[in-house]
Amino acid sequence: MAYFSKALLCLLLLAIVTEARNIKNTKNVDFVRTRGAHFVLNGSPFLFNGFNSYWLMHVAAEPTERYKVSEVFKEASAAGLSVCRTWAFSDGGDAALQISPGVYDERVLQGLDFVVSEARKYGIRLILSFVNNYKDFGGRSQYAQWAKNAGIQNINSEDDFYTHPVLKDYYKNHVKKIVTRVNTMTRRAYRDDSTIMAWELINEPRCNADYSGKIVNGWVQEMASFVKSLDKKHLLEIGMEGFYGDSMPEKKQVNPGFQVGTDFISSHLIKEIDFATIHAYTDQWLPGQSDDAQATFMQRWMISHWQDSRTILKKPLVLAEFGKSSKDPGYNQNARDTFMSLVYRNVYNFAKAGGTMGGSLVWQLVAQGMDNFDDGYSIILAQNPSTAGLISGQSHAMTTLAHLVNGPNLGQLHGHHPLGVGHHPLGIGHHP
């Protein structure tokens, strides 16, 4: 009898502990939301350090290669990275997700299922992008080609993607396919899965037919409304790089000497868009310019968009892509680390000085043995200890900052970056 009582007590204690763990796990998988210009999770500020790994679904489509996805998530989680941006598209061509309009390879979809399931396991939130601006993995040009192949008239260029009703329907059908999919591993519909932090309309939209930004703006309004009609639980962002357009012409001087047919201000004012994004590739945008000149541009680019997000948009801002390529002339590891230190210091200081800046996503993490995916920006955490140290330090800094503040008090923090990178090695001063 005494033995039975002890066994019963053990079972009862085990049940209590298990229930407590379940409550904790449930709490940790709430949806990320916005409150004013801040991200919130479980009602508290959510600040993050994150990364891009565009290749996850593509690699996971082959089950024997899935360990690479697990390896990156495991290393990222150990480094405190909590958000990952990746592709939910691959249109036409080899190993396509969408073979032709509305025709999908279930094997590739199950690869995406694995990515979502594995991200949840490692406590990583996902930003999933629906289509590419560029020809890589299909993009707008593939949509235009599909329409031409179907005998559709008046398809003149890939810019018709934004205006032609047939191409817009192709896109909406793909969005619906992804958003409403039921994960074969978790049995949870994507639109009900809080592992997904946000949807992205398109990776880096550009439009040569209209540099004012009005064509893209109309498309964003229509597609944002469509996504929200399917899913009101998740956040939604556009995928923009941050180029200014015609709505505030005086801002164009901040652009890196050219325009791409988007308007950062007007498109992010659309109410269905929950937060703003910018990208930054100073080595591509300012080719041949010194590290000092690139750092100066980066400082101005980030300050301008942070101020606009805070005062005009009143929405959170994410630096959703940035990096420094190992293929740049005269590249060395220290140059990359110096550039990342500048970016991370800015992200932290902006988050501290009134919020709005929610986090950043470095481009890009890969697993070992993925040399064919190296675009020059690839980082293997296990093989780059100095960069990995920077990344881990920023993760800790952002998490600590989030714990220190509540929304209304976010602007009242003062002090130095915990990484000790308050003074930039290139001599770039503090934001006033």
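In the next few minutes I will walk through the sheets, one helix and some aromatic pairs of this structure, which is a predicted model.

Let me begin with the main sheet, where 8 strands are arranged in the order E10-E9-E8-E5-E4-E13-E12-E11, forming an open sheet with parallel pairing. Strand E10, residues 235–237, and strand E11, residues 276–280, stand at the edges with a single partner strand each, so one side of each has no neighbour in the sheet. On average, and with direction ignored, neighbouring strands of this sheet are turned by 25 degrees against each other. For those new to the topic, strands of a sheet pair through backbone hydrogen bonds, and the pairing can be parallel or antiparallel.

If you look at one pair inside this sheet, strand E4, residues 48–52, runs parallel to strand E5, residues 83–87, and the two are joined by 3 bridges. Which residue in E5 is the bridge partner of Asn 52? That partner is Arg 85.

Now for the helices that lie on the sheet. Helix H12, residues 385–404, packs on the sheet and touches E4 and E13, with its direction making about 140 degrees with that of E4. Helix H11 lies across E4, strand E12 (317–322) and strand E13 (357–363), and runs at about 165 degrees to E13.

Staying with H11, this helix covers residues 333–352, which makes 20 residues, and its span of 28 Å from the first C-alpha to the last is close to the 28 Å expected at 1.5 Å a residue. Is H11 mostly covered or mostly exposed? The helix is mostly covered, with 18 of its 20 residues buried. At its start, a side-chain oxygen of Asn 332 comes to within 3.0 Å of the backbone nitrogen of Asn 334, and after the helix there follows Gly 354, which has a positive phi near 100 degrees.

Let us turn to the aromatic rings, where a search of the whole structure finds 29 aromatic pairs. One of these pairs is Trp 55 with Phe 373, which is tilted, at 6.4 Å centre to centre and with 55 degrees between the planes. Trp 55 sits in the loop between E4 and helix H2 (56–60), while Phe 373 sits in the loop between E13 and H12, so this pair ties together parts that are 318 residues apart in sequence. Trp 55 counts as buried because its relative accessibility is 0%, and Phe 373 is buried too, at a relative accessible area of 13%.

A second pair, Phe 130 with Trp 199, is stacked, with 5.3 Å from centre to centre and 20 degrees between the planes. Phe 130 lies in the loop between strand E8 (125–129) and helix H5 (139–149), and Trp 199 lies in strand E9, residues 196–200, so that the pair links parts of the chain 69 residues apart. Both Phe 130 and Trp 199 are buried, and both belong to one aromatic cluster whose members include Tyr 143, Trp 146 and Trp 219.

Finally, a few words on the antiparallel strands. Strand E1, residues 33–35, pairs with E2 over 3 bridges in the antiparallel sense, and in their hairpin, which has 2 residues between the strands, Gly 36 takes a positive phi near 60 degrees. E2 is also joined to strand E3, residues 44–45, by 2 bridges, again antiparallel. From E2, His 38 and Val 40 point one way, whereas Phe 39 and Leu 41 point the other way, and all are buried.

Technical notes: Residues are numbered from 1 along each chain as its sequence is written. This is a predicted model: local features need pLDDT of at least 70, side-chain atom pairs count only at pLDDT 80 or more; totals for chains, interfaces and linings use all residues. Side-chain values use heavy atoms; hydrogens and water are left out. Helices (H or I, at least four residues) and strands (E, at least two) are DSSP runs, numbered from the N terminus. The expected span of a helix is 1.5 Å times one less than its number of residues. Buried means under 20% relative accessible area, exposed over 50%, partly exposed in between (1.4 Å probe, protein chains only). A polar contact is a pair of N or O atoms within 3.5 Å; within protein, one must be able to donate a hydrogen and the other to accept it, and residues adjacent in sequence count only if both atoms are side-chain atoms. Two strands pair if DSSP finds at least two bridges between them. Axes are lines fitted to C-alpha atoms, for helices over the stretch in contact, and angles run from 0 to 180 degrees between N-to-C directions. Contact means heavy atoms within 4.5 Å. Rings of Phe, Tyr and Trp (its six-membered ring) pair if their centres lie within 6.5 Å; planes under 30 degrees apart count as stacked, over 60 as edge-to-face and the rest as tilted.
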